[in-house]
Amino acid sequence: MTTITVHGFKGGTGKSLIAIALGYLLSKQGKKVLLIDGDYFAPCFDAFFPQNDDVNPFTEYLEEKSKFEEVVAETRFPNLWVSYAPTPSFTQKILQADTKTHGGFLKRIYAGIKIARDDLGFDHIVIDNSSGISLAAINFLTCSNQSLLVIRPVRYGVESTYNLISAIYRKLRYADSKSVRRDFLVWNQVPTDEESIINPDIERYLNHWTDKFSEAGIQLGSRIPYISEVVTSMIVDSTLDIEKISKPISNYMGNLIKLLG
Ligand SMILES: Nc1ncnc2c1ncn2[C@@H]1O[C@H](COP(=O)(O)OP(=O)(O)OP(=O)(O)O)[C@@H](O)[C@H]1O
Ligand SMILES: [Mg+2]
C-alpha cells in the first residue's frame, strides 16, 4: 500500500484539487483509496463529498476518541473513501499542541495506516496536507512513503519553498532506513498560451528549478497548466463535480500515477 501526501509550502498551490483528482483517478482504476483531509487549518472535503451521516473527523481517531473505522466514510464513487478534517475548535488545540502531543498523533497515524492496509484492504491513502511546515503537516509528510510537492511557478513561492523544504525532505529521506521514500515535484497552474505552449522564459525558469529540486532528491512528477475550466466549475457549479473537475487534470496525471506505482 502507498501513502501519498500532497504537500505545498505556500497556500493555494492546488494541493486539494490534485489530491482529490489523484484519489478519484486511482479509485477509477479499481484501487481502494482513502482520501484524508489533513488540512485542519483550511478543510475543504465537505464541498466535494457532502456528508450524509455525521462521520467523526480524523482527529477523533488521533485523540483516541474513535476507532479508525469510525472516521472513514464511503463516497458515492466506488472504491473511494474519505476522512474529514475537524471543526475549527480542534484547530486551536492543534496550534497549541506541543511536540510530545504531535509525537503521539504520529504513532496513531502509523497505526491507522496499518489498519487501513491490513484490516480494511486499502491500496492507497492520499492525504491533502496543510501548507507550510507545522508539526501537523510534518507528521503527514513523515508517515507517507511518497509525496507530491505542489508548487506554482511564482518567483517568491518557488525560492522560499526550495530554501525551506529541501532541508526537510533531506531529513525525511535520511530517516527512511529502507530507502522506499519518493518525493515528486508538481508544477501547477503553469501559464500557457491558447495553443498550450509555454513561453520560453517560463520554460527556462521551470527547467532551472526542476534541476535544483532534483538535486535535492525531489524528482519531477508533472507539469499541470492553468486550466480555466477547472476554476469556472469551482465558481459556477453549486455541487462540485469531481468527475468534471478531474477530467482536464487527468491529462497531466497519467505519467505521475505511473511514477507513484
Ligand atoms: N491547474 C489548475 N488550473 C486552474 N485552476 C487551478 C489549478 N489548480 C488549482 N486551481 C484552482 O486554484 C485554487 C486553489 O486550489 P486548491 O484549493 O486545490 O489549493 P490548495 O493548495 O489546496 O489551497 P489551500 O492552501 O488553501 O488548502 C482553486 O480554486 C483551484 O480550483
Ligand atoms: Mg487545500
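**Figure 1. Burial and overall dimensions of the chain.** Of the 261 residues of the chain, 38% count as buried, in what is a predicted model. The chain has 11 helices and 8 strands. Its radius of gyration is 18 Å, close to the 18 Å that the globule rule gives for 261 residues, so the chain is as compact as a globular protein of that length. Taken along the principal axes, the box that the C-alpha atoms fill is roughly 55 × 40 × 35 Å. Among contacts between residues at least 6 apart in sequence, 79% join residues at least 24 apart.

**Figure 2. The open sheet and its edges.** The sheet is open and is formed by 8 strands in the order 3-4-2-5-1-6-7-8, with mixed pairing. At the edges stand strand 3 (73–74) and strand 8 (218–225), each of which has a single partner strand, so one side of each is left without a neighbour in the sheet. Helix 8 (residues 200–215) packs on the sheet, where it touches strand 7 and strand 8, and the direction of helix 8 makes about 150° with that of strand 8.

**Figure 3. Pairing of strand 1 with strand 5.** In general, strands of a sheet pair through backbone hydrogen bonds, in either a parallel or an antiparallel sense. Strand 1 (residues 2–7) pairs with strand 5 (residues 124–129) in the parallel sense, over 5 bridges. Within this pairing, Thr3 stands opposite Ile125 in strand 5.

**Figure 4. The shell around ligand 1.** Ligand 1 is surrounded by 19 residues, of which the closest are Gly11, Gly14, Lys15, Ser16 and Leu17. Helix 1 (15–28), strand 7 (182–190) and helix 9 (228–236) each supply at least two residues of this shell. By residue class, the shell around ligand 1 divides into 8 nonpolar, 9 polar and 2 charged residues.

**Figure 5. Two loop residues with positive phi, Asn79 and Ser196.** Most residues other than glycine have a negative phi. Asn79, found in the loop between strand 3 and strand 4 (80–83), has a phi near 70°. Asn79 has 20 other C-beta atoms within 10 Å and is therefore buried, the cut-off for that class being 20 or more. Ser196, whose place is in the loop between strand 7 and helix 8, has a phi near 65°. With 9 other C-beta atoms within 10 Å, Ser196 is exposed, as the class of exposed residues takes in those with 12 or fewer.

Definitions and conventions:
Residues are numbered from 1 along each chain as its sequence is written. Chains are lettered from A and ligands numbered from 1 in the order in which they are written. This is a predicted model: local features need pLDDT of at least 70, side-chain atom pairs count only at pLDDT 80 or more; totals for chains, interfaces and linings use all residues. A residue is near a molecule or strand if its C-beta atom, placed from the backbone, lies within 6 Å of it. Helices (H or I, at least four residues) and strands (E, at least two) are DSSP runs, numbered from the N terminus. Ala, Val, Leu, Ile, Met, Phe, Trp, Tyr, Cys and Pro count as nonpolar, Asp, Glu, Lys and Arg as charged, and the others, Gly among them, as polar. The radius of gyration is taken over C-alpha atoms; the globule rule is 2.2 Å times the number of residues to the power 0.38. Two residues are in contact if their C-beta atoms, placed from the backbone, lie within 7 Å. Two strands pair if DSSP finds at least two bridges between them. Axes are lines fitted to C-alpha atoms, for helices over the stretch in contact, and angles run from 0 to 180 degrees between N-to-C directions.
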